Amino acid sequence: MSARILVVDDLEANRRLLEAKLGEQYYEVLTAQRGEEAVQLAKRERPDLILLDVMMPGGIDGYEACRRIKAHPETRHIPVIILTTLDDRESKVRGLQAGAEEFLTKPIDDVQLMARAKSLISLKVVTDELRAREASGRRLGVIEEDVSADQAHRLITGNVLLIDDNDNQIRRIESALGAEHRVSVLGREEDTNPPDFAIVSVTAKSFDGFRVIARMRSGEPTRHLPILAVVDPDDKQRALRALELGAHDIIVRPVDEEELVARARTLLRRKRQMDLLRQRLDQSLELAITDQLTGLYNRRFLEAQLAPMVQRADCGGEPVSVMLIDIDYFKKCNDTYGHDVGDAVLREFAARLATNTRPSDFACRFGGEEFLIIMPRTSGDVACLAADRLRRQICASPFHIRGIPMPLDITASIGVACSSGGGDTPEALVKRADEGLYEAKRGGRNRVVGKTGQRAA
Ligand SMILES: [Mg+2]
């Protein structure tokens with residue numbers, strides 16, 4: 001996997017060493033010498049991972065740089081590994097409290113570095129995908145603001161599933177996490193709440209922790225569940241194996257309570273952020289791009305789709321055509337039979353549009369009894385032919401509406417316009433289609449008028 005890593009260290013020799021190690025694994029490396037520079041580069045270059053030395057003379061140190069990176073909405077999702085020369089609890093806990101995902105002690109162990117980088121970058125790939133989808137949701141007007149990140153960064157309580165067979169360790173973990181979270185031990189009591197993350201001991205005697213991790217990773221309900229593996233301090237191979245199998249993080253025995261609390265916060269924060277993104281996308285995308293009455297796309301979706309197509313056509317890409325369709329004498333139908341019948345006519349009309357357009361076309365309700373169909377990669381001539389075929393299919397058979405004695409003969413008038421460059425805009429394109437529609441109405445209705453030879457000025 002190719003990714004960009006920002007290496008921050010005040011000593012050139014250290015930067016060179018890391019650059020060489022990471023380069024061997026085909027990572028692209030950026031470097032910075034000072035904390036302020038790191039914060040700026042993170043904002044400008046958006047690396048996939050930051051390796052951050054804590055001791056840097058002059059200016060801000062690594063902890064402060066980390067805090068600033070994690071406080072900024074545009075960089076807080078970038079994973080940070082703190083690099084320290086001190087293998088002591090205090091610097092570990094300080095780093096995690098500053099928001100770092102991980103720390104490594106110098107001299108840096110190659111295997112640990114690669115395992116951590118791989119694990120954090122693969123997690124970031126998922127987060128990025130969700131962030132990108134959320135950003136396009138915002139462009140569509142589906143998601144108003146980036147509140148998810150703020151919510152995700154509040155201190156939160158979670159459900160922890162503990163899978164362990166060592167009573168002392170269980171007590172220790174329960175007492176460390178019990179103040180903030182609900183801890184349930186697998187096999188002891190039934191907790192009905194779904195877990196937010198799991199702690200799996202790979203040092204257990206009575207079960208195979210690796211197998212548990214592998215099974216959680218491949219099973220659907222637990223696939224996205226963050227896992228913290230408990231490992232022995234000197235068993236590097238098992239630590240690596242746990243990470244390879246999909247544990248998101250490891251902690252060594254005997255479990256340090258403050259370190260555990262800090263790691264739990266980080267895991268939970270990520271879990272919540274991902275959950276929120278997924279949830280918001282699922283509900284909002286479906287609801288916000290659909291017209292509630294007809295099930296077609298709505299105007300907001302249409303506008304978001306049309307703009308880039310017109311722009312591409314304008315830059316020499318393929319043309320895009322639109323049809324603006326209006327149901328003839330709809331007001332009379334509404335006045336005669338009432339709004340319920342009117343709504344039923346709109347639904348049946350929409351169904352005929354949806355079944356008589358190509359899969360690549362977008363059928364939208366434009367408002368009232370007006371509909372717009374976007375036809376990507378379609379010339380004006382082809383669009384006019386398609387419009388006339390659609391018009392004939394609409395009036396080919398009468399509309400059977402429940403609650404009225406006679407089926408209704410419904411016809412439609414259609415204006416067609418095509419965009420193929422010349423500084424065109426979506427508004428101008430739709431306006432030309434509207435002019436065609438107006439002419440079709442004036443000319444006696446149930447007809448198509450193409451305004452496809454014109455260009456915007
Ligand atoms: Mg230093």
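## Helices α8 and α9

Helix α8 (residues 209-218) and helix α9 (residues 236-245) have axes that come within 9 Å and cross at roughly 15°, and the two are therefore roughly parallel to each other, a label given to angles under 35 degrees. The axes are lines fitted to C-alpha atoms, for helices over the stretch in contact, with angles running from 0 to 180 degrees between N-to-C directions; helices (H or I, at least four residues) and strands (E, at least two) are DSSP runs, numbered from the N terminus. This is a predicted model, in which local features need pLDDT of at least 70 and side-chain atom pairs count only at pLDDT 80 or more, while totals for chains, interfaces and linings use all residues. Residues are numbered from 1 along each chain as its sequence is written.

On the α8 side the contact is made by Phe 210, Ile 213, Ala 214 and Arg 217, and on the α9 side by Arg 241, Ala 242 and Leu 245, where contact requires C-beta atoms, placed from the backbone, to lie within 7 Å. By class, this contact of α8 with α9 has 5 nonpolar, no polar and 2 charged residues, with Ala, Val, Leu, Ile, Met, Phe, Trp, Tyr, Cys and Pro counted as nonpolar, Asp, Glu, Lys and Arg as charged, and the others, Gly among them, as polar.

## The five-stranded parallel sheet

An open sheet of 5 strands, paired in parallel, follows the order β2-β1-β3-β4-β5, two strands being paired if DSSP finds at least two bridges between them. Because β2 (28-32) and β5 (102-105) stand at the edges with a single partner strand each, one side of each is left without a neighbour in the sheet. Within the sheet, β1 (residues 4-8) and β3 (residues 49-53) run parallel and are joined by 4 bridges, and Leu 6 stands opposite Ile 50 in β3.

Helix α1 (residues 12-24) lies across β1, β2 and β3, running at about 165° to β2, whereas helix α3 (residues 62-71) lies across β3 and β4 (80-84) at about 155° to β3.

## Strand β14 and its partners

In strand β14 (residues 412-419), 8 of the 8 residues are buried, so the strand is largely enclosed by the rest of the structure; buried means that 20 or more other C-beta atoms lie within 10 Å of a residue's own, with C-beta atoms placed from the backbone. The burial covers both faces, with Ala 412, Ile 414, Val 416 and Cys 418 on one side and Ser 413, Gly 415, Ala 417 and Ser 419 on the other.

Strand β11 (residues 320-327) pairs with β14 in the antiparallel sense over 8 bridges, while β14 and strand β15 (residues 448-451) pair in the parallel sense over 4 bridges. Val 416 of β14 is the bridge partner of Met 323, and Val 416 also stands opposite Gly 450 in β15.

Methods. Parallel < 35°, antiparallel > 145°, perpendicular 65-115°, else oblique. Contact = placed C-beta atoms within 7 Å. Buried ≥ 20, exposed ≤ 12 C-beta atoms within 10 Å, placed from the backbone.
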